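Here is a note for a colleague who is opening this structure for the first time. Please keep the sequence and the model side by side while reading the numbered points.

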Amino acid sequence: NKVFIPEVFFTNDCLTGEDVVKSTRVLGDLDGVFQDKEAYGKMNKEQAVYHVSSYLPVLENTPGGLFMGITTLYPGKVGQEYFMTKGHFHSNSDRAEFYWGVEGEGFLILMDERRNVWAERMFPGSLHYIPGKVAHRVANTGYQKLVFSACWPSDAGHDYATIADAGFARRLVDVNGVPTLV
Ligand code: 6PG
Ligand code: NI
């Protein structure tokens, strides 16, 4: 009947504590992600695009466990295309995930295995169920940082290669100030 203080804490935009893994993606890590190569070429590759802090209470690939993460995605554009996450399918492709919006605004861009693409608006309080076999990526369409949180199975894994090879079938771009899937 002892009581313990939790080992991990969250604020709006990050997790801290033991078993929390932090990573940053700078523009240079996103080579090939954006369509406008000329605009990309002129930008500072050291510029941070997003930070992820993830709480991994069990080993990667453990069946039945859960992971949680908070992603902070900065505002910005490469040409007319909004700053966005790399995006991925899960390696265990049928594993689902929850995303929820915490701060700022943007879109969750989803693509199924038949390459159908659709988007859901993200804002503080929005909740998104990402079914298995659906690739997911987030774009910041606002002028402030976009923060969202995620919860996914510990045996989901990340398949970045499929997106690196073939991309998403549609991109979210600024058309006269309006975020538009093209
Ligand atoms: C996951 C989540 C999420 C995601 C980050 C960064 O499965 O781990 O979808 O934590 O990894 O938002 O996005 P990328 O992994 O696509 O770079
Ligand atoms: Ni995921």
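Helices and strands are taken here as DSSP runs, numbered from the N terminus, a helix having at least four residues and a strand at least two. Please keep in mind throughout that this is a predicted model.

1. With that numbering, His88 can be placed in the loop between strand 7 (81-82) and strand 8 (97-103). His88 counts as buried because its relative accessibility is 9%, and buried means under 20%. Leaving aside neighbours within four places in sequence, His88 is in contact with a list of residues that includes Glu97, Tyr99, His136, His158 and Tyr160. With one of these, His136, the side chain of His88 makes a polar contact of 2.9 Å. For a sense of scale, the C-alpha atom of His88 is separated by 28 Å from that of Asn176, which is 88 residues away along the chain.

2. Which residues come nearest to ligand 1? Of the 16 residues around the ligand, these are Tyr50, Glu97, Tyr99, His158 and Tyr160. Three polar side chains can be checked against oxygen atoms of ligand 1: a polar side-chain atom of Tyr99 lies 2.6 Å from an oxygen atom of the ligand, one of Thr71 lies 2.9 Å from an oxygen atom, and an N or O atom in the side chain of His90 is 3.2 Å from an oxygen atom. On its own, ligand 1 has 400 Å² of accessible area, and the protein covers 97% of it.

3. The count of salt bridges comes to 6, and it may help to recall that side chains of opposite charge can pair when their charged atoms come close. One of them joins Asp13 and Lys145, whose closest N and O atoms are 2.7 Å apart. This pair links distant parts of the chain, 132 residues apart, since Asp13 is in the loop between strand 1 (8-10) and strand 2 (15-17), while Lys145 is in the loop between strand 12 (134-140) and strand 13 (146-153). Asp13 counts as partly exposed at 28% relative accessibility, and Lys145 is also partly exposed, with a relative accessible area of 24%.

4. A further salt bridge is formed by Arg171 and Glu81, with the closest N and O atoms 2.6 Å apart. Arg171 lies in the loop between helix 2 (161-166) and strand 14 (172-175), whereas Glu81 is in strand 7, so the pair ties together parts that are 90 residues apart in sequence. Is Glu81 buried or exposed? With a relative accessible area of 2%, Glu81 is buried.

5. Asp155 and Arg95 also meet through their side chains in a salt bridge, at 2.7 Å from N to O. Here too the pair links distant parts of the chain, 60 residues apart, with Asp155 in the loop between strand 13 and helix 2 and Arg95 in the loop between strand 7 and strand 8. Asp155 is buried, having a relative accessible area of 9%, whereas Arg95 is partly exposed at 24%. Salt bridges that share partners bring Asp94 together with Arg95 and Asp155 in one network.

6. Two buried residues in strands deserve a look. Ser149 lies in strand 13 and is buried, with a relative accessible area of 2%. The side chain of Ser149 reaches the backbone oxygen of Gly69 at 3.0 Å, and, leaving aside neighbours within four places in sequence, the contacts of Ser149 include Met68, Gly69, Phe98, Tyr99 and Trp100. Val20, in strand 3 (residues 20-26), is buried with a relative accessible area of 16%. Beyond residues up to four places away in sequence, Val20 touches Val8, Leu15, Ser53, Ser54 and Tyr55. The C-alpha atoms of Val20 and Tyr55 are separated by 4.4 Å, although the two residues are 35 apart along the chain.

7. On the surface, Phe98, Leu127 and Tyr129 form a nonpolar patch, with about 330 Å² of accessible area together. Within this patch, Leu127 belongs to strand 11 (residues 127-130). Why does Leu127 count as exposed? The reason is its relative accessibility of 58%, given that exposed means over 50%.

How values were computed:
Residues are numbered from 1 along each chain as its sequence is written. Chains are lettered from A and ligands numbered from 1 in the order in which they are written. This is a predicted model: local features need pLDDT of at least 70, side-chain atom pairs count only at pLDDT 80 or more; totals for chains, interfaces and linings use all residues. Side-chain values use heavy atoms; hydrogens and water are left out. Patches are made of residues with over 30% relative accessible area and no salt bridge: like charges are joined within 9 Å, nonpolar side chains (Val, Leu, Ile, Met, Phe, Trp, Tyr) within 5 Å. Accessible areas come from the Shrake-Rupley method with a 1.4 Å probe; for residues, only the protein chains shown count as cover. A salt bridge is a side-chain nitrogen of Lys or Arg within 4 Å of a carboxyl oxygen of Asp or Glu. Buried means under 20% relative accessible area, exposed over 50%, partly exposed in between (1.4 Å probe, protein chains only). A residue is near a molecule or strand if one of its heavy atoms lies within 4 Å of it. A polar contact is a pair of N or O atoms within 3.5 Å; within protein, one must be able to donate a hydrogen and the other to accept it, and residues adjacent in sequence count only if both atoms are side-chain atoms. Contact means heavy atoms within 4.5 Å.
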